Amino acid sequence: MANPGRRGLARARAALARRLSPLPAEAPQVPEQPPEAVLDLLRRLGVAMQRAGDAADRVAAILDDVAAVYAASGVRFFVLPTGVFVRIVAGDSTRVDFAPAPNASLRLDQVDALYRLIDDIRHAKLGVAEAVGRLQALLTARPRLPAWLRVAGTSVMVLGLGLLLNPTASALPAYLVLGVLVGVLTLWGERSHAVAVVLPMLTAGVVTWLVFRLSEPVLGSAPLDIVIPTLVTMLPGAALTMATIELASGSMLSGSARLVYGLERLLLLTFGIALGVEFAGLPGPPQPEAPLGAWAPWVGVAVFGLGVFLSSAVPPRSLPWLLAVLGVAYGVQAGAGLVLNPLGASFAAGVVVLPVAYAIQQQPSGPPVPVTFLPAFWLLVPGALGLEGVTEIVGADAAAGLGDFLNALLTIVAIAAGVLVGSGVSERVGRATGGWRGL
């Protein structure tokens with residue numbers, strides 16, 4: 001009879017490996033590969049997943065699966081947001097290598113290709129050399145869409161967020177124009193490291209200056225009601241949520257680094273807003289304008305999804321699934337908000353979104369989970385509320401700003417807790433259905 005303690009340990013390790021998707025009980029393997037080649041592939045994959053925004057423990061779990069496919073022995077990982085250490089036994093010696101992670105994040109089309117590659121590796125369809133070749137090709141691939149169309153996509157994203165957060169008729173043209181500006185500056189930042197370093201502050205400063213200068217003669221909304229939706233796509237909501245998840249799961253170094261990065265980015269945006277206000281001056285009180293109907297936020301979800309599709313060059317087959325996940329995320333949050341407070345509604349949305357993204361992944365044309373799950377952060381995480389709170393802290397209403405900022409952080413914790421629960425639900429459904437394809 002097997003030792004019960006060993007059976008429990010085996011089940012715990014299997015559950016961790018199934019955190020993204022369960023593999024068959026007997027993991028497939030390919031013919032033996034050179035340890036040095038496996039080591040090189042593992043560190044490259046680890047860095048790529050870090051650039052895709054995955055959590056440290058999930059990166060390690062996937063790398064464990066890949067190492068098992070290639071029958072590597074003595075493999076250990078140390079994953080950080082800035083790099084990956086890999087240790088592997090090669091004959092009578094041990095090899096250790098490190099790969100730094102570039103600061104540039106992967107586009108969603110690259111994330112899609114990355115996790116499809118990992119899926120093929122985990123099902124023993126590729127040798128090491130072929131896997132490295134495909135990985136290098138997707139990392140250096142140019143965007144599927146031209147630059148002007150990606151800029152237009154950013155404008156459409158901002159319009160969708162405006163319909164969600166401040167749906168007034170006079171503000172809609174402003175969202176389109178400011179979205180083009182944000183898209184051009186973002187494109188500039190992709191091509192210049194010097195601009196990328198100050199991009200949050202630069203974008204926030206320019207957008208705020210324009211809005212505060214034009215809000216009184218042209219726009220009928222309060223200036224911040226225009227600024228906030230325009231800057232939501234630059235807010236670190238996903239980083240702060242992932243940091244909370246990593247801290248809760250025990251990845252203290254990685255979680256702390258992401259948390260500091262997210263807060264620093266938030267402060268840079270706030271400083272840019274403060275500079276814009278300083279140069280533009282405070283406008284007079286705006287004329288109140290009635291918001292559009294209850295249909296506006298739902299249209300905003302669809303418009304936002306279309307903007308993500310264009311700006312991130314998402315594969316065409318993924319667009320319907322992306323819209324479905326965004327609709328579920330907003331619908332659950334809005335529906336739960338009718339009976340729960342905002343914290344409870346955010347928790348409920350976090351619980352539901354991850355299992356839905358996993359279920360969609362199992363469809364014949366379904367994209368990998370990160371492609372649909374990451375954009376949902378911009379709808380779930382109230383980064384705009386946190387930004388507005390920090391802006392008030394450095395302004396006149398410090399007490400109200402501190403309360404708003406703390407409430408935003410609590411909501412991020414609620415979403416992270418919901419995602420953790422949703423991960424457990426995904427694992428149970430995966431066991432019940434005999435396993436899910438991919439990650």
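**Helix packing and core**

Student: How much surface does the protein expose, and what share comes from carbon and sulfur atoms?

Tutor: About 19,100 Å², with carbon and sulfur atoms supplying 65% of it. Areas come from the Shrake-Rupley method with a 1.4 Å probe. This is a predicted model: local features need pLDDT of at least 70, side-chain atom pairs count only at pLDDT 80 or more, and totals for chains, interfaces and linings use all residues. Residues are numbered from 1 along each chain as its sequence is written, and side-chain values use heavy atoms, leaving out hydrogens and water.

Student: How many residues, and what percentage is buried?

Tutor: There are 439 residues, and 50% count as buried, meaning under 20% relative accessible area.

Student: Which residues have the most contacts inside the largest nonpolar core?

Tutor: Leu42, Leu45, Met49, Tyr70 and Leu114, in a core of 102 residues. Such a core is a set of buried Ala, Val, Leu, Ile, Met, Phe, Trp, Tyr and Cys residues joined through side-chain atoms within 4.5 Å. H2 gives the largest share of this core, 8 residues. Helices are DSSP runs (H or I, at least four residues), numbered from the N terminus.

Student: New topic. How do H2 and H4 cross?

Tutor: The axes of H2 (residues 35–51) and H4 (residues 108–122) come within 11 Å and cross at roughly 145°. Axes are lines fitted to C-alpha atoms over the stretch in contact, and angles run from 0 to 180 degrees between N-to-C directions.

Student: Which residues make that contact?

Tutor: Leu45, Ala48 and Met49 of H2, with Leu114, Tyr115, Leu117, Ile118 and Ile121 of H4. Contact means heavy atoms within 4.5 Å.

How values were computed. Helix = DSSP H or I, 4+ residues; strand = E, 2+ residues; numbered from the N terminus. Buried < 20%, exposed > 50% of the residue type's maximum accessible area, 1.4 Å probe, protein only.
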